[in-house]
Amino acid sequence: MSVSSEAATYEPDVLGPRRVLVVDDEESVVTTMQAILEMDGYDVDISTNGREALRRLEEKEYDLVLTDLRLPDLTGTDILAEVRKRWPDSVTVLLTGFASLESAVLALREGAYDYLVKPCAVEELRATVRRGLERRALTLALRLRMTELEEANRTIAELNADLQRRVEAATAELQKNVEQLKELDRLKSQFMSIASHELKTPITAMSGFLQISVRRMRRRIERGRPAEDEWKREETATIEQLEVVQRQTEKLARLIDELLDVSRIQSGRLEFRLIPVDLGVLAREVAERMQLTTTKHRLRVRVNGGDLTVSGDRDHIEQVLNNLLSNAIKYSPDGGTVDVGVRVEEEGVHVAVRDSGIGIAKEELASIFGLFYRSPDRRARDVGGMGVGLYISREIVERHGGRIWASSPDRRGAEIHVLLPRGGAG
Ligand code: ADP
């Protein structure tokens, strides 16, 4: 049902008049048919022999070809074959006398649309031609629909594939985020336990020493004033204990400062004041101060000519050097040499701190700059730390437009590199 309504919408005037070719050896038959069909608005050509018909078929496509089965030079099936070959969408109708009905049936089998028995009534001719043309219109409309559908199908398939790709990419991204969040979560809980332990240790020491001092002073009051010698000994011991307390207070303050730094970095409140800083001079200063904290290690600074000045925040760069040198000492528990090399490079000034300690595993070289990162290595774990020093250092260096990285050739000690551009922070 829907098919025939489709054909009804296929208006001839939209496509121009339909072209019909009438082929018959009788002049009167073709002219009569031409007149009748032209009155229905068709564009009609006629031929009275096969060869002429073939020539016309070479020139243009007809919507419908009406052909006699018997022609003087060719047969109607020759015409049919030519039409099928050249214009497969054209509709063919056979004109036949009673005597050749059988051949008409044969021709129908070969693809002719219909046949008319001569002489045929006007209405029958008009109806057959109209039906034939409707059939052609239907075929063409269906073909168009098919192409549209195929095109739509292709588009849908492409969209589908695209969607699939996007879903896969988004899923992978999500998976990565989840993994990162999980890792961060793990590091955070690990940090909580490490940080509380780190903060608790100096407090425990301080509280112990203070208790002992208080008890000793109380006992002294009870016993009364001592002799001069005794008094000196007691005071010296007290001073020693108070000095321990003082050192622990400083350590505590440093830990809290680091935590404050992390919080400043995370909230974007870390501020820099840029001045010219000579990295050679600064490295010597820091190394000299650090040397006072150890007797097992020998700190050496080698400066390689040239102007070692960068524009930077002195205190923060000093903090980076402090951190690198104290790590070099911390992570070489058996002592040894710590070499600090400062040299000019094309990109800026390069500082390298090399120790001969426990070294860093290859797969950890990049992670150690992450927040709260602590190595799973037992020898590193034995040394205290909250895993924030290198994170802060990286932030400071990168905010100066520089780079920081680690190497550990054959794990014979570690080397941390800092490259600061002369220009400083942007
Ligand atoms: P912390 O030393 O407080 O743990 P850092 O951020 O300074 O934190 O260092 C992160 C980790 O990098 C350390 O836990 C340690 O495993 C590793 N690391 C840093 N410096 C060295 C070094 N010089 N030699 C070996 N390992 C190091």
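**The whole chain**

Twelve is the count to keep in mind when the full protein chain is displayed: this predicted model has 12 helices and 12 strands. The radius of gyration of the protein chain is 50 Å, well over the 22 Å that the globule rule gives for 426 residues, so the chain is more spread out than a compact globule. If the C-alpha trace is turned along its principal axes, the spans come to about 155 × 55 × 40 Å.

With a surface shown, the accessible area of the protein chain is about 25,300 Å², and 54% of that belongs to carbon and sulfur atoms. Buried residues account for 39% of the 426 residues. Of the contacts between residues at least 6 apart in sequence, 67% join residues at least 24 apart. Colouring by charge brings up 63 positive and 72 negative side chains, with the centres of the two sets 13 Å apart.

**First stop: helix α7**

Select residues 122-223, which form helix α7. The 102 residues of α7 should span 152 Å at 1.5 Å a residue, and the end C-alpha atoms are 148 Å apart, which agrees.

Next, select L125, which is found in α7. Is L125 buried or exposed? L125 counts as buried because its relative accessibility is 1%, below the 20% cut-off. Beyond its neighbours within four places in sequence, L125 is in contact with M33, I36, L37, L66, L116 and C120. For a sense of distance, add A172: L125 and A172 are 47 residues apart in sequence, and their C-alpha atoms are 69 Å apart in space.

Follow the numbering to G224, just after α7, where phi is positive at about 90°.

**Second stop: strand β4 and the loop before α7**

Select residues 91-96, strand β4, in which T96 is found. T96 is buried, with a relative accessible area of 0%. Leaving out residues up to four places away in sequence, T96 touches L69, L101, A104, Y115, L116, V117 and K118. L116 is also listed among the contacts of L125.

From K118, move to P119, which lies in the loop between β5 (114-117) and α7. What kind of peptide bond joins K118 and P119? The bond is cis, with omega about -10°. Most peptide bonds are trans.

**Third stop: F372**

Now select F372, placed in the loop between β10 (348-354) and α11 (378-381). Phi of F372 is near 65°, a positive value in a residue other than glycine. Most residues other than glycine have a negative phi. At 8% relative accessibility, F372 counts as buried.

**Last stop: helix α12**

Finish by selecting residues 389-399, helix α12. How many of the 11 residues of α12 are buried? The number is 8, so the helix is largely enclosed by the rest of the structure. To highlight the buried residues of α12, pick G389, L390, Y391, I392, S393, E395, I396 and V397.

Then display what covers these buried residues, which includes the following elements:

- helix α8, residues 228-266
- helix α10, residues 314-330
- strand β11, residues 403-407
- strand β12, residues 415-420

The tour ends at G401, which follows α12 and has a positive phi, near 80°.

Terms used:
Residues are numbered from 1 along each chain as its sequence is written. This is a predicted model: local features need pLDDT of at least 70, side-chain atom pairs count only at pLDDT 80 or more; totals for chains, interfaces and linings use all residues. Side-chain values use heavy atoms; hydrogens and water are left out. Helices (H or I, at least four residues) and strands (E, at least two) are DSSP runs, numbered from the N terminus. The radius of gyration is taken over C-alpha atoms; the globule rule is 2.2 Å times the number of residues to the power 0.38. Buried means under 20% relative accessible area, exposed over 50%, partly exposed in between (1.4 Å probe, protein chains only). Contact means heavy atoms within 4.5 Å. Accessible areas come from the Shrake-Rupley method with a 1.4 Å probe; for residues, only the protein chains shown count as cover. Lys and Arg count as positive and Asp and Glu as negative; His and the chain ends are not counted. The place of a charge is taken as NZ of Lys, CZ of Arg, CG of Asp or CD of Glu. The expected span of a helix is 1.5 Å times one less than its number of residues.
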